[in-house]
Amino acid sequence: MAVLEVHGLHQYFEQGTVNENHALKGIDLSLERGEFVAIIGGNGAGKSTLLNSIAGTLPVNQGQILIDGKDVTYQNVAKRAKLIARVFQDPRSGTASLLTIEQNLALAEKRGEWRNFWASGVKRRDRQHFQEKLATLGLGLEKRLGAEMGLLSGGQRQAVTLLMATLKKPALLLLDEHTAALDPQTSATVMALTDQMVRAQKITTLMITHNMASALKYGDRLIMLDHGEIAVDVRGEAKQNLTVEDLLTLFKERSGQEFADDAVLLS
Ligand SMILES: Nc1ncnc2c1ncn2[C@@H]1O[C@H](COP(=O)(O)OP(=O)(O)OP(=O)(O)O)[C@@H](O)[C@H]1O
């Protein structure tokens with residue numbers, strides 16, 4: 001059974017006005033269990049709109065979204081949080097700055113059932129588990145459990161955010177340009193960590209990226225969005241052997257135009 005199914009998804013902004021924008025034009029998308037999919041596309045292609053629709057932060061105009069076979073189209077964000085974990089571009093948005101690393105991890109472990117956190121606090125057993133998990137990041141953070149999150153660098157924070165997102169395995173992981181705010185070297189480190197975590201736990205993942213190199217290097221499937229439609233969808237061996245030139249040729253064949261977003265091409 002597919003983990004994520006999107007059927008005929010349309011999204012309009014300012015519908016019925018002169019500024020009407022048909023941002024998603026009947027997207028059909030299905031993700032198998034454990035599939036790691038990179039989504040790329042130029043400015044305004046509809047990447048964020050698609051992710052926001054799946055996460056539930058944007059009400060659906062038309063279409064249907066199913067997660068693990070369950071219709072979540074009209075379910076609110078909080079309800080979906082039991083199934084979906086999301087990592088944003090801004091390293092500050094995934095963690096609580098004034099809490100320590102271990103407190104943040106303890107909160108993540110209770111995703112979807114946070115109510116008893118302050119009553120139970122962080123237990124010794126949890127502490128050891130967190131240390132083991134943090135050690136897998138290779139950043140030495142296992143020795144800094146009591147450090148305030150706000151004191152960490154952007155890359156360290158994003159690595160902890162990823163750990164938090166995957167501590168309790170989500171049905172679906174949404175990565176929203178999660179390395180875009182980091183310097184190139186840190187971004188590469190966090191991307192490699194992402195790949196390691198997603199593969200180790202076989203987490204079904206949808207990753208938006210502006211970086212063509214990352215989209216080619218990571219994931220088992222690559223989807224290119226164009227003006228609210230899926231222009232390219234490659235997987236398996238075809239994806240593994242894909243080059244930038246191949247991708248641009250495919251894009252031109254399918255969309256009838258050259259891909260002209262320099263920010264994507266040069267990244
Ligand atoms: N809240 C909104 N109100 C009006 N129009 C919007 C809104 N959000 C997005 N849009 C429009 O919808 C279209 C798709 O935008 P979206 O942000 O999904 O694209 P994107 O592929 O994520 O682009 P980028 O890479 O620039 O973030 C664009 O034309 C955008 O201007």
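This report describes a sheet, a ligand site, a nonpolar core and one helix of the structure above.

The model is predicted: local features need pLDDT of at least 70, side-chain atom pairs count only at pLDDT 80 or more, and totals for chains, interfaces and linings use all residues. Residue numbers start from 1 along each chain as its sequence is written.

## The open sheet

Helices (H or I, at least four residues) and strands (E, at least two) are DSSP runs, numbered from the N terminus. Two strands pair if DSSP finds at least two bridges between them. In the order 2-1-4-5, four strands form an open sheet with antiparallel pairing. Strand 2 and strand 5 are the edge strands, each pairing on one side only.

Within this sheet, five bridges link strand 1 (residues 4-13) to strand 4 (residues 62-67) in the antiparallel sense. Leucine 4 lies opposite isoleucine 67 in strand 4, and histidine 10 lies opposite glutamine 62 in strand 4. Strand 4 also runs antiparallel to strand 5 (residues 70-71), to which it is joined by two bridges. Here leucine 66 stands opposite aspartate 71 in strand 5.

Strand 4 and strand 5 form a hairpin with two residues between the strands. Aspartate 68 belongs to the loop between these strands, and its phi is positive, near 50°, although the residue is other than glycine. Most residues other than glycine have a negative phi. Glutamate 14, likewise not a glycine, has a positive phi of about 50°; its place is the loop between strand 1 and strand 2.

## Exposure of selected residues

A residue is buried if 20 or more other C-beta atoms lie within 10 Å of its own, exposed if 12 or fewer, and partly exposed in between, with C-beta atoms placed from the backbone. The table applies this scale to four residues.

| Residue | Other C-beta atoms within 10 Å | Class |
|---|---|---|
| Glutamate 14 | 9 C-beta atoms | exposed |
| Aspartate 68 | 15 C-beta atoms | partly exposed |
| Histidine 22 | 15 C-beta atoms | partly exposed |
| Glycine 42 | 19 C-beta atoms | partly exposed |

Histidine 22 is part of strand 2. Two residues are in contact if their C-beta atoms, placed from the backbone, lie within 7 Å. Neighbours within four places in sequence aside, histidine 22 is in contact with Tyr12 and Gly228. Its C-alpha atom is separated by 9.5 Å from that of glycine 46, with the two residues 24 residues apart along the chain.

Glycine 42 is located in the loop between strand 3 and helix 1. Not counting residues up to four places away in sequence, glycine 42 touches Phe259, Asp261 and Val264. Glycine 42 and threonine 186 are 144 residues apart in sequence, and their C-alpha atoms are 23 Å apart in space.

## The ligand site

A residue is near a molecule if its C-beta atom, placed from the backbone, lies within 6 Å of it. The residues that surround the ligand are Phe13, Glu14, Asn21, Ala23, Gly41, Asn43, Gly44, Ala45, Gly46, Lys47, Ser48 and Thr49. Strand 2 (21-31) and helix 1 (47-55) are the elements that give two or more residues to this shell. Helix 1 gives the most, with three residues.

By residue type, the shell divides into three nonpolar, seven polar and two charged residues. In this division Ala, Val, Leu, Ile, Met, Phe, Trp, Tyr, Cys and Pro count as nonpolar, Asp, Glu, Lys and Arg as charged, and the others, Gly among them, as polar.

## The core and helix 7

A nonpolar core is a set of buried Ala, Val, Leu, Ile, Met, Phe, Trp, Tyr and Cys residues joined through C-beta atoms within 7 Å. The largest such core has 69 residues, and Ile39 and Leu174 have the most contacts inside it. Helix 6 (residues 154-167) supplies the largest share of this core, seven residues. Residues up to four places away in sequence aside, leucine 174 touches Leu51, Ile54, Ala55, Ile84, Arg86 and Leu206.

Helix 7 (residues 184-201) has 18 residues, which at 1.5 Å a residue should span 26 Å; its end C-alpha atoms are 26 Å apart, in agreement. The expected span is 1.5 Å times one less than the number of residues. The buried residues of helix 7 are Ser187, Thr189, Val190, Met191, Leu193, Thr194, Met197 and Val198. Their cover includes strand 3 (36-41), helix 6, strand 7 (172-176), strand 8 (205-208) and helix 8 (212-217). Lysine 202, with a positive phi near 50°, follows helix 7.
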